[in-house]
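This report describes the architecture of a single protein chain. It begins with the interior and then turns to the fold, the cysteines and selected residues.

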Amino acid sequence: MSVFLTFDISGAFAQYWQATTALELVAVATGFACVWLAARESIWNFPVAIVSCLLYVFVYFGAKLYADCGLQGLFILLSGYGWYEWLYGGNDATELGVTHTPGREWLLGAAFAVLFTLGFGYYLHHHTDAAFPYLDSFTTAGSIVAQYLLTRKRLENWLLWLLVDVIYVPVLWYKALYTTSLLYFLYLALAAYGYWQWRRELLAPARPAVAHR
């Protein structure tokens with residue numbers, strides 16, 4: 001019995017591996033690297049993120065996840081903005097430190113997420129062959145808000161990433177993007193680590209949070 005079970009698992013893994021393209025593998029590697037660098041407060045997370053997002057434009061388009069495909073373009077713009085903010089967004093154009101998210105940003109982010117999910121989800125549902133129009137739109141909206149908070153070095157960006165990643169894992173697996181699904185599973189651990197790391201910086205006034213070059 002155990003022999004057959006081992007065979008089934010190895011066979012399934014081989015099938016999943018064959019379904020993974022070289023493009024997706026490179027996108028996964030750069031995606032993991034940029035999140036790890038962000039958790040470590042490295043400014044290099046932004047150029048690596050730009051490369052990863054460019055690759056995922058093609059990956060998501062092929063999987064008919066159009067909202068996530070378009071999201072990559074916005075991520076590229078936000079990465080450029082975050083690159084500048086981390087270097088010069090602090091007082092007197094100094095490096096930006098870790099802070100909590102103000103209530104006003106939470107309200108604006110929540111309003112944006114609801115409106116985007118309903119509006120873009122409706123469009124995808126009625127005008128495209130999108131796989132999961134509303135769920136895709138919700139994860140896209142949540143990712144936009146989380147990425148914006150990341151560019152402003154808000155601690156709670158990692159909590160939003162945890163929520164989004166929990167949804168992405170099964171959706172991407174269902175769409176046969178097995179390696180990317182695994183990547184988002186690893187993102188869960190990185191988001192938890194990032195929250196712990198940034199919180200430690202925030203609670204250490206003697207060691208101001210700065211972006212490591």
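## Nonpolar core

In this predicted model, the largest nonpolar core has 44 residues, and those with the most contacts inside it are Y60 and W158. The elements that give two or more residues to this core are α2 (22–39), α3 (45–62), α4 (66–88), α6 (133–151), α7 (157–174) and α8 (178–202).

The surroundings of Y60 can be listed in detail. Not counting residues up to four places away in sequence, Y60 touches L65, D68, C69, Q72, L172, L177, T180 and Y184. One of these partners, C69, counts as buried, with a relative accessibility of 13%.

## Overall fold

The chain contains 8 helices and 0 strands. Read from the N terminus, the order of elements is α-α-α-α-α-α-α-α.

Of the 213 residues of the chain, 46% count as buried. The accessible surface comes to about 11,300 Å², and carbon and sulfur atoms account for 72% of that area. Among contacts between residues at least 6 apart in sequence, 73% join residues at least 24 apart.

## Internal cavity

How many cavities of 30 Å³ or more does the model contain? The count comes to 1 cavity. The space in the largest cavity is about 380 Å³. Two or more residues of the lining of the largest cavity come from each of α2, α3, α4, α6, α7 and α8.

The lining of the largest cavity consists of 25 residues, of which C34, V35, F75, W161 and Y187 lie nearest its centre. Helix α3 supplies the largest share of this lining, with 6 residues.

## Cysteines

Why does C34 form no disulfide with C53? A disulfide requires cysteine sulfur atoms within 2.5 Å. The closest cysteine sulfur to that of C34 belongs to C53 and is 6.8 Å away, which is too far for a bond. For the chain, the count comes to 0 disulfides.

C34 counts as buried because its relative accessibility is 12%, and buried means under 20%. As noted above, C34 is also among the residues nearest the centre of the largest cavity.

## Q72 in helix α4

Q72 is found in helix α4. Is Q72 buried or exposed? Its relative accessibility is 5%, so Q72 counts as buried.

Leaving aside neighbours within four places in sequence, Q72 is in contact with C53, Y56, V57 and Y60. Among these partners, C53 is the residue that holds the cysteine sulfur closest to that of C34, and Y60 is one of the two residues with the most contacts inside the largest nonpolar core.

## S181 and L25

S181 lies in helix α8. Because its relative accessibility is 2%, S181 counts as buried. Beyond residues up to four places away in sequence, S181 touches V169, L172 and W173. Of these, L172 is also listed among the residues that Y60 touches.

L25 belongs to helix α2. With a relative accessible area of 31%, L25 is partly exposed. Although L25 and T180 are 155 residues apart along the chain, their C-alpha atoms are separated by 8.0 Å. T180 is, in turn, one of the residues that Y60 touches.

Note on methods
Residues are numbered from 1 along each chain as its sequence is written. This is a predicted model: local features need pLDDT of at least 70, side-chain atom pairs count only at pLDDT 80 or more; totals for chains, interfaces and linings use all residues. Side-chain values use heavy atoms; hydrogens and water are left out. Helices (H or I, at least four residues) and strands (E, at least two) are DSSP runs, numbered from the N terminus. Buried means under 20% relative accessible area, exposed over 50%, partly exposed in between (1.4 Å probe, protein chains only). Contact means heavy atoms within 4.5 Å. Accessible areas come from the Shrake-Rupley method with a 1.4 Å probe; for residues, only the protein chains shown count as cover. A nonpolar core is a set of buried Ala, Val, Leu, Ile, Met, Phe, Trp, Tyr and Cys residues joined through side-chain atoms within 4.5 Å. On a 1 Å grid over the protein atoms alone, a cavity is a set of points where a 1.4 Å probe fits but cannot get out, and a pocket is an open set with protein on both sides within 12 Å along at least five of seven lines; lining residues have an atom within 4 Å of a point. Grid points are joined across faces, edges and corners, and a volume is the space filled by probe spheres set on the points.
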